[in-house]
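Dear colleague,

Please find the structure below, handed over for your records. My notes on it come after.

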Amino acid sequence: MNKMNKMNKEQKIVICGAGGFIGSALVNTFREKGFTQLVAVDKKPMTRWYQRFPDVENLVLDLEAPDACNRALQGADVCYNLAADMGGMGFIELNKALCMLSVLINTNLLQSCRKFGVGRFFYASSACVYAGYKQLETENPGLKESDAYPADPEDGYGWEKLFSERMCRHFDEDFGVDTRVARFHNVYGPDGTFDGGREKAPAAICRKVIEAKLSGCHEIEIWGDGEQTRSFMYIDDCIEGIGRFMDGDVADAMNLGSDEMVTINQLVDMVEEIAGLKLKRNYKLDAPKGVRGRSSDNTMIKEKLGWAPSITLKEGLEKTYAWIYDQMTAHGSSKDAVVNIS
Ligand code: NAD
Ligand code: GDC
């Protein structure tokens, strides 16, 4: 199959998982750039899509099924797979089989790409592929792409992501499906999940601080001892990065994440400063904690794509906090952050 040239606005672009946080942001980005042949696919009822646009072809399909993947990708030029059953540690630690079933989505989408000669395929992998023994200390030097092997990924979800990375590689090598694979590191921002159990730490902490502010009960529950470290990538960097992956010519899995590592206590400090209050911290040591330390080493993305995420956590949190505050006061808390239908 010919390696595809850069994207153009007449191409038929299919975004899978388009009812979710990152997928819906990606659809909107393509719309704003003037792309007109967009297909948004998700299994959720459209009323629960985070963002939905009437000028896009919106399909409700369960992409674990081969026929659904064929329906979605027939005539497609490019496919972005952001569809997975996923969430923060509160979800993936307790739903390992469900997370593993996402392997059906990626496998069947790749089969459809091969069947219809789709020009390029993007797969959203995760930092959860990285070996647990490389993430035992809070002072993480930044995970390099090679730290995924010898394999010891997050149980359930991480194994699905690593297996699907390899499926992409072999469909690329053996069948000529032109794939791009990004290992996302904890993405946050407006229009994301902030309650209901699938939320990740940035949105969860924002929600809890807002709840404390609105209730006057100035306490916050933090999972773990708060010294565990992470880096958090703002949604705009994620979307920019996806575009650069797809315009580039690197098929190997690469990090797409921030290298600004913070402890969860420091994350709470930042949100308290935005909210203008200090809270009593209650540490729930038996809560889902994931790895002890994680951050992204961005050497390879800088070398291969000449770019790396740069939006600071403070800047991203200010926008995220404001959006969640609006959702919780204007709309009330909801399991799925259903937002605009522009
Ligand atoms: P999300 O849960 O908001 O969106 C995923 C969407 O996929 C959901 O709307 C869901 O309904 C849909 N989906 C699930 N199973 C499906 C199926 N069988 N058929 C059709 N649609 C289905 O998650 P997100 O944060 O937008 O993540 C998007 C992708 O990026 C996922 O693959 C996720 O694993 C990956 N990722 C996200 C992060 C992050 O921090 N957000 C980090 C690493 C990797
Ligand atoms: O949920 P998460 O953001 O996922 O948790 C980060 C850290 O924040 C964990 O140690 C968690 O215990 C701590 N934490 C403290 N309080 C809270 O109220 C809270 N809610 C949550 N959710 N966490 C809290 C994620 C995966 C994603 C994806 C990314 C890739 O793992 O859940 O699916 O793969 O990694 O980077 P995290 O970063 O462990």
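The notes below cover aromatic rings, charges over rings and one pocket.

This is a predicted model, in which local features need pLDDT of at least 70 and side-chain atom pairs count only at pLDDT 80 or more, while totals for chains, interfaces and linings use all residues. Residues are numbered from 1 along each chain as its sequence is written, and side-chain values use heavy atoms, without hydrogens and water.

The whole structure holds 8 aromatic pairs (rings of Phe, Tyr and Trp, the last by its six-membered ring, with centres within 6.5 Å). In one of them, the centres of Y321 and Y325 are 6.2 Å apart and the planes lie at 25°, so this pair is stacked (planes under 30 degrees apart; over 60 is edge-to-face and the rest tilted). Both belong to helix α11 (residues 313-331), 4 residues apart, which separates them by about one helical turn (helices are DSSP runs of H or I, at least four residues, numbered from the N terminus). Y321 is buried at 8% relative accessibility, whereas Y325 is partly exposed at 29% (buried is under 20%, exposed over 50%, partly exposed in between, with a 1.4 Å probe and protein chains only). Elsewhere, F30, F35, Y80, F122 and F184 make up one aromatic cluster.

Two charges sit over rings (NZ of Lys or CZ of Arg within 6 Å of the ring centre and within 35 degrees of the ring normal): K44 over Y50, 4.1 Å from the centre, and R198 over F91, at 4.0 Å. The second largest pocket (on a 1 Å grid over the protein atoms alone, an open set of points where a 1.4 Å probe fits, with protein on both sides within 12 Å along at least five of seven lines) has 25 lining residues (an atom within 4 Å of a point).

Yours faithfully

Key
Chains lettered and ligands numbered in written order. Helix = DSSP H or I, 4+ residues; strand = E, 2+ residues; numbered from the N terminus.
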